[in-house]
Amino acid sequence: MKKRTFLKLSSALMATPIISPLAQLVSDEKLKNWAGNYTYSTSRLYAAKSIEQVSELVKKYDKLKVLGTRHCFNGIADSTHNFISLREMDKVLAMDTEARTVTVDASMRYGQLAPYLDSKGYALHNLASLPHISVAGACATATHGSGVKNGNLATAVSAMEIVLANGDVRTLSRAKDGDTFRAAVVNLGALGVVTKMTLDVQPTFTMRQDVYVDLPLDQMSGNFDAIMSGGYSVSLFTDWQKKRVNEVWIKSRAKKDDQAKAKPDFFGATLATKNLHPIAEISAENCTEQMGVPGPWYERLPHFRMGFTPSSGKELQSEYFVPYKNAVEAILAVERLRDHISPHLLISELRTIDADDLWMSMAYKQPSLAIHFTWKQDWASVSKVLPMIEKELEPFGARPHWGKLFTLSAAKLQSRYEKLDDFKKLVRDFDPKGKFRNAFLDSTIYG
């Protein structure tokens, strides 16, 4: 957004006591997502500062979608009618030390929440590679970090507040609402406007991050479990060339005064001698501290720092989840496409996610490997490569990340989510007239 427009919006937000009609101020500018690859279908954007204003907006409009931090690469959050922004609803609302939970406004970003929790002596179980995303948006799409024993970010949700299509406010909890709760956490934006979330927390901890380079690909077959269990959170970065993994990022729990030196060798990979970016040619100044230096959990679990631009530039992203038991086969299947993939690729990342019981999660009932692709911003080329990758991953029933680019049909998705029909029934109960439906949901969920 241009500086002049931002100043106009800020003035309007301060001057308007009830609902800010941002749409009237930004209608001359197209709204785009974070990467700039997706242009939203309307600029009618309204801001709410309270649950009452959210309810008022929901009752006022027949069609509405929430627009958050815009980190999705497809149209999952798009609307041809109206957007609502909860950006100013980003506060910590309650800290329950006995229950070990924190309740926050749903639009709070992890990069805001994490330092607060740490200052109180608490931590979340994991973070995504970027701390810039909102709690509600990340959980709605089952966004994740890494770690064979770590569930995605949505698994920390123990309760949530949601404004339904008729404007009523409903609270759901893990303890009381059973299947309804398990269906609603990863909600794809289809059920209503999530306004509050309660997350499980644990005592704070210190971490270190060590990076290794040039892991031979043939080490995967016999040592995959040991490689991915080499730390609390492990990420492998590869360009699929030269039969090797370019970088191995190992994030481990440590003591604050930890002075231990990392082993010089990790399954044939060698210890890095300086901080690295996942794309080796790019400066690591925006990345979290490495070289085994101990630091707070929230400054090691993400790959990128909160105060810095997290991207290498304009990019596209895709990601596919396969059962952990098929991880090595799936990696080798993708590697066979290396000469088709690499010309259009910036970097790929391999991460593990533990199984969960959230209906629309990509890791529903299966520990998973996520194969992530950060592409050059060339959709014409990427759109030709994705079906090739999806075909190679077909035997493993790959599930795509809901917020990233894929070409799988609704019929394919139907076969890979056993609770999809039940989810659609719940959507009908929560939103009988389709107020929160959009083209993405129509094409991927309803087909």
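The structure holds 20 salt bridges, and it is worth keeping in mind from the start that this is a predicted model. The idea behind such pairs is simple: side chains of opposite charge can pair when their charged atoms come close. A few examples show what that looks like here.

Take arginine 208, which forms a salt bridge with aspartate 210; their closest N and O atoms are 2.9 Å apart. Are these two residues buried or exposed? Arginine 208 is buried, and aspartate 210 is buried too. Another pair brings together aspartate 239 and arginine 244, with 2.7 Å between the closest N and O atoms. Arginine 244 has a relative accessible area of 15%. Since the cut-off for buried is under 20%, arginine 244 therefore counts as buried.

A third salt bridge links arginine 351 to glutamate 349, and here the closest N and O atoms are 3.4 Å apart. Both of these residues are buried. The story doesn't stop with that pair, though: salt bridges with shared partners tie Glu319, Glu349, Arg351 and Lys404 into one network.

Glutamate 349 turns up again next to a histidine. The side chains of histidine 303 and glutamate 349 are joined by a polar contact of 2.7 Å. So where does histidine 303 sit along the chain? Histidine 303 lies in the loop between β16 (295–296) and β17 (315–323). Being in a loop doesn't leave histidine 303 open to the outside here, because its relative accessible area is 3%, which makes it buried. Leaving out residues up to four places away in sequence, histidine 303 touches Ser129, Ser235, Phe237, Trp249, Lys251, Asn286, Cys287, Thr288 and Glu349.

Now for another loop residue, lysine 255. This one is found in the loop between β13 (244–254) and β14 (265–266). With a relative accessibility of 66%, lysine 255 counts as exposed. Once neighbours within four places in sequence are set aside, lysine 255 is in contact with Thr206 and Pro294. Lysine 255 and phenylalanine 224 are 31 residues apart along the chain, and their C-alpha atoms are separated by 27 Å.

Phenylalanine 224 belongs to the buried part of helix α7 (residues 219–228), where the buried residues are Met220, Phe224, Ile227 and Met228. Why do they end up on the same side of α7? Because they cover an arc of only 95° around the axis.

The strands have their own patterns. One open sheet is made of three strands in the order β1-β3-β2, with parallel pairing. Its edge strands are β1 (45–47) and β2 (65–66), each of which pairs on one side only. Strand β2 is joined to strand β3 (residues 83–85) by two bridges, and the two run parallel. Within this pairing, lysine 65 stands opposite phenylalanine 83 in β3.

Elsewhere, strand β7 (residues 157–163) and strand β8 (residues 169–173) pair in the antiparallel sense, this time over five bridges. Here glutamate 161 stands opposite threonine 171 in β8. What do β7 and β8 form together? They form a hairpin with five residues between the strands, and glycine 167 in the turn has a positive phi of about 95°.

Conventions. Residues are numbered from 1 along each chain as its sequence is written. This is a predicted model: local features need pLDDT of at least 70, side-chain atom pairs count only at pLDDT 80 or more; totals for chains, interfaces and linings use all residues. Side-chain values use heavy atoms; hydrogens and water are left out. Helices (H or I, at least four residues) and strands (E, at least two) are DSSP runs, numbered from the N terminus. Buried means under 20% relative accessible area, exposed over 50%, partly exposed in between (1.4 Å probe, protein chains only). A polar contact is a pair of N or O atoms within 3.5 Å; within protein, one must be able to donate a hydrogen and the other to accept it, and residues adjacent in sequence count only if both atoms are side-chain atoms. Contact means heavy atoms within 4.5 Å. The arc is that of the directions from the helix axis to the C-beta atoms. A salt bridge is a side-chain nitrogen of Lys or Arg within 4 Å of a carboxyl oxygen of Asp or Glu. Two strands pair if DSSP finds at least two bridges between them.
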